[in-house]
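Me: I'm new to reading protein structures and would like a close look at a single part of this one. Could you walk me through the inside of the fold, and then show me what lies around it?

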Amino acid sequence: MSDKQPLGRRYDLDLLRYLQVLVEEQSVSLAARRLKVSEPAMSRHLARLRTVFGDPILVMSGRRMVATAFANRIRDRVQTLVREADDLLNDGATLNLKAMSSKFTIRANDIVVGAFGRPILQALQKECPDCRIVFSPESEGTASEALRGNKIDLYIGATDELSPEIMRQTLFETSFSALVRKGHPILKGKITPQSLVTYDHISVSRKGRSNGPIDAILKERYGLSRRIAMVVPTYHSLIAAIGDTDLILPLPRTVIERFPLERMGLDSFEFPFELPPVRPFQAWHPRVDMDQLHRWLRETVHHAVRQELWRIRQT
């Protein structure tokens, strides 16, 4: 990587905004979608950032991009700079959060509500004591329609079924592990694709779909198929019920990390092949992108989720 540019005016606020979003999304295409620019344009901004800072910013790790140590180190400072610069533009409309009684309607599945609902509420009420959250079920039309119709303020999930104009921000990245009862026979030996398909599985889909990435990998790489014995709309509806069965329940790793597995009589294992990462995000309609209250909501949700993940992984 070449040295940094000589001292002088090397960047502007817009370039710092591109840096912020690239590091948050760790993807040129997702960053481009979020800032409503083309992927070639975002690639050019990344190239300029690499020249300005003398650092790759994003590097390939397997089949995806990850932020460099330098980019992660300056991420919070860049976020603060961009936020404070934006605040200058809205200086005449400072929010008095402690005097507000705001209601925020957030659409999210049971995994998000169970894992992050309480930390999000606590973070919001720390600055806005009289605010409240209404978690809206995912089944009421599409998220894009709900955001367009002003039925919800925010969508939190991992689906890609959003209209192009909807704005989004990745909250974290995770993958799937398997949840089983303690003493499950699959744990007694080496876990292989062949042993995996010996047992019945549970598929979680609010749309009733039984197949997903696990099935595609089993079929394409190993010529195997698993038996889906049950399809359920939510994760939590089956977690307590698998304790006396040999069923296998795939769950996001961030969810399993929260469970007191020993006390619940459960155990977990990693799949014997790499699965595509899951990137939950928050999404909103562009009409509220510059609204101070909504921006505070998004920033608080983002911070609360990241802090909760950090807390869990430290325990």
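Reply: Here is a tour that begins with the core, moves on to the sheet, and ends with a helix and a hairpin.

Keep in mind that this is a predicted model. Let's begin with the largest nonpolar core, which has 27 residues. Inside that core, the residues with the most contacts are I120, L124, I156 and V305. Where do its residues come from? The elements giving two or more residues to this core are two strands, β3 (103–108) and β5 (154–157), along with the helices α5 (110–127) and α12 (292–314). Of these, α12 gives the most, with 7 residues. As a general rule, nonpolar side chains in soluble globular proteins tend to be buried together.

Now zoom in on L124. Leaving out residues up to four places away in sequence, L124 touches F104, C131, I133, W296, L297 and T300. There is also a second, separate core of 24 residues, and L16, A32, L49 and V52 are among its members. Hold on to L16, as we'll meet that residue again.

Next comes the sheet. Its 5 strands are arranged in the order β4-β3-β5-β12-β6, and the sheet is open, with mixed pairing. Why do β4 (132–136) and β6 (167–170) each have one side without a neighbour in the sheet? They stand at the edges and each has a single partner strand, so one side of each is left free of a neighbour there. On average, neighbouring strands of this sheet are turned by 25 degrees against each other, ignoring direction. For one pair up close, take β3 and β4: these strands run parallel and are joined by 5 bridges. You can find K103 standing opposite R132 in β4.

Back to L16, which sits in helix α1 (residues 13–25) and is buried there. This helix is mostly covered, with 10 of its 13 residues buried. Among the other buried ones are Y18, Q20, E24 and E25. From first C-alpha to last, α1 reaches 18 Å, close to the 18 Å expected at 1.5 Å a residue. Just after the helix, Q26 takes a positive phi of about 50 degrees.

Last stop: the hairpin. Strands β1 (residues 58–61) and β2 (residues 64–67) pair in the antiparallel sense over 4 bridges. There are 2 residues between these strands, and G62 in the turn has a positive phi of about 70 degrees. Look for S61 too, which stands opposite R64 in β2.

Key. Residues numbered from 1 in each chain as written. Predicted model: local features only at pLDDT ≥ 70, side-chain atom pairs only at ≥ 80, totals over all residues. Heavy atoms only, no water. Expected span 1.5 Å × (residues − 1). Buried < 20%, exposed > 50% of the residue type's maximum accessible area, 1.4 Å probe, protein only. Pairing = 2+ DSSP bridges. Core = buried A, V, L, I, M, F, W, Y, C linked by side-chain atoms within 4.5 Å. Contact = heavy atoms within 4.5 Å. Axes fitted to C-alpha atoms, helices over the stretch in contact; angles between N-to-C directions.
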